[in-house]
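The exercises below are meant to be worked with the coordinates open, and each is followed by a solution that proceeds step by step.

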Amino acid sequence: MEVMQAAAAAEAGGADVIHLEVGQPSTAAPDGVLAAAQRALVEDRLGYGDPHGEWALRERIARWYDERHGHAVAPDNVIVTTGASGSCVLAFLACFDPGDRVGVIEPGYPCYRNDLTTFGIEVVGIPVGLEQGFRPTVADLEAAGPLDGLVLASPSNPTGTVLGEAELTEVLGWCRANGTRAIVDEIYHGITYDEPAPTALSVDPDVIVFNSFSKYFSMTGWRLGWIIAPDELIGPLGRLGANLTISAPTLSQLAGVAAFDCVDEADRNVARYRDNRAVLLEGLPAAGIDRLAPADGAFYLYAAIDHLADSSVELARRWLDELAIACTPGVDFDPVQGERFIRFSYAGTTDEMRRACDRLATWNA
Ligand SMILES: Cc1ncc(COP(=O)(O)O)c(C=O)c1O
């Protein structure tokens, strides 16, 4: 957020800033969603909704798991939320008590840590490194001591790392054997470049997964997401949702049903991310930045920069001042090793990626 503010100030001063810090698609919602929203504005009163979500949307989300993963999900096990952010709040509150120990992967999305801390839950950082492709192993989990819960993401923000079926089986098997409640963030599903990311549900149907319309469907501002949870958690999740937000936005829910039939448009965005990724995977090493996370999915490249600077915060500041390139210091994602890494987002245009690489190639530490 500080980088974005500094970038906005630089732009106000006339700088031609290339935005590699943004964590959201540069495109609008799919046309079919916009049309459905316009219809709903005319035809629907748009009152409060069911705290569990509109039934038609819960059914459509359940069907999506069958279409994408061949995995049966009952609509009753779907809870509609105010984005993955809302899913985190509901899932963490429903699953954990103050004082519980919950593991988060470092580097990882910072809100897991911040939400858990806000709820009085003890956060246990589980460091994973570049040399292991930022994939957690059972040895990493064992080293963390007893865990009441574990938060995973696949594909991950900031590393793009996708956990394959074998890796999910290993980690989720360990969780089951050790009584550790696993919650898996699948918000970047649909945005992968090699193999599709398997859902954790196909490995363990009792795991909690959440997802969102924000990334693949390019709908960040619609504040819409979902949780798939086992039967015993549906009541608590619904009651928490009813008390905290009453319901997810009704307009977004009515429109969101159409998103699942807009796959061609969503996949066109993924094709652009793929081009952008290829530009960066060639251009960053050419600029001397060649120790990169796997980037199997999402739209981020997480790069080691400790040969260029002692501090990623300082390097991000210099690149903004000297190259008009905005990117995110690793300290946002990893309080321990983050000063050694920078995250580049490639959600923008392919031209921006080319120009960013040109600028970086001219830069001299
Ligand atoms: C890994 C991850 N999870 C959750 C979120 C929250 O997304 P939203 O609340 O827009 O669905 C983000 C947003 O960037 C994210 O990167």
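**Exercise 1.** What span should the 13 residues of helix α12 have at 1.5 Å a residue, and how far apart are its end C-alpha atoms? Then establish which residues of α12 are buried, and what covers them.

*Solution.* The model is predicted, and the values used here are computed from it. Helix α12 comprises residues 350-362, and at 1.5 Å a residue its 13 residues should span 18 Å. The end C-alpha atoms are 19 Å apart, which agrees with that expectation. Turning to burial, Met353, Ala356, Cys357 and Leu360 are the buried residues to consider in α12. Seen down the axis of α12, the buried residues fall within an arc of 100°, and therefore they line one face of the helix. On the other side of α12, Asp351 and Thr362 are exposed. The cover over the buried residues of α12 includes β1 (18-19), α10 (263-286), α11 (312-323) and β10 (325-326).

A single pair of residues can be added to this picture. Proline 285 belongs to helix α10, and its C-alpha atom is separated by 9.4 Å from that of cysteine 357, although the two are 72 residues apart along the chain. Proline 285 has 14 other C-beta atoms within 10 Å; because a buried residue needs 20 or more and an exposed one has 12 or fewer, proline 285 is classed as partly exposed.

**Exercise 2.** Carry out the corresponding analysis for helix α3: which of its residues are buried, and which exposed residues does the face turned away from the buried side carry?

*Solution.* Helix α3 (residues 55-69) has 15 residues and reaches 21 Å from its first C-alpha to its last, close to the 21 Å expected at 1.5 Å a residue. Leu57, Arg58, Ile61 and Tyr65 are buried in α3. These residues cover an arc of only 105° around the axis, which puts them on the same side of α3. The face turned away from that buried side carries Asp66 and Glu67, which are exposed. Among the elements covering the buried residues of α3 are β2, β8 and α9 (250-256). Just after α3, glycine 70 takes a positive phi of about 65°.

**Exercise 3.** Describe the surroundings of strand β8, beginning with its faces and continuing with the strands that pair with it.

*Solution.* Strand β8 (residues 225-228) is covered on both faces, since Gly225 and Ile227 on one side and Trp226 and Ile228 on the other are all buried. Strand β2 (residues 78-81) is joined to β8 by four bridges and runs antiparallel to it, with isoleucine 79 having isoleucine 227 as its bridge partner. Strand β7 (residues 208-212) also pairs with β8 in the antiparallel sense, over four bridges, and here the bridge partner of serine 212 is glycine 225. The loop between β7 and β8 contains arginine 223, whose phi is near 50°, a positive value in a residue other than glycine. Arginine 223 counts as partly exposed, with 18 C-beta neighbours inside 10 Å.

**Exercise 4.** Is valine 184 buried or exposed, and with which residues is valine 184 in contact, leaving aside its neighbours within four places in sequence?

*Solution.* Valine 184 lies in strand β6 (residues 181-185). With 25 other C-beta atoms within 10 Å, valine 184 is buried. Leaving aside neighbours within four places in sequence, its contacts are Leu152, Ser154, Ala200, Val207 and Val209. As for serine 154, its C-alpha atom is 7.4 Å from that of valine 184, the two being 30 residues apart in sequence. The peptide bond from serine 154 to proline 155 is cis, with omega near -5°, and proline 155 is in the loop between β5 (149-153) and α7 (165-177). Proline 158 is also found in the loop between β5 and α7, and a cis peptide bond with omega of about 20° joins asparagine 157 to proline 158.

**Exercise 5.** Which residues come nearest to the ligand, and how is the shell divided by class?

*Solution.* Of the 13 residues around the ligand, Gly83, Ala84, Ser85, Ser212 and Ser214 come nearest. Helix α4 (residues 83-95) supplies the largest share of the shell, namely three residues. By class, the shell has four nonpolar, eight polar and one charged residues.

Conventions:
Residues are numbered from 1 along each chain as its sequence is written. This is a predicted model: local features need pLDDT of at least 70, side-chain atom pairs count only at pLDDT 80 or more; totals for chains, interfaces and linings use all residues. A residue is near a molecule or strand if its C-beta atom, placed from the backbone, lies within 6 Å of it. Helices (H or I, at least four residues) and strands (E, at least two) are DSSP runs, numbered from the N terminus. Ala, Val, Leu, Ile, Met, Phe, Trp, Tyr, Cys and Pro count as nonpolar, Asp, Glu, Lys and Arg as charged, and the others, Gly among them, as polar. The expected span of a helix is 1.5 Å times one less than its number of residues. The arc is that of the directions from the helix axis to the C-beta atoms. Two residues are in contact if their C-beta atoms, placed from the backbone, lie within 7 Å. Two strands pair if DSSP finds at least two bridges between them.
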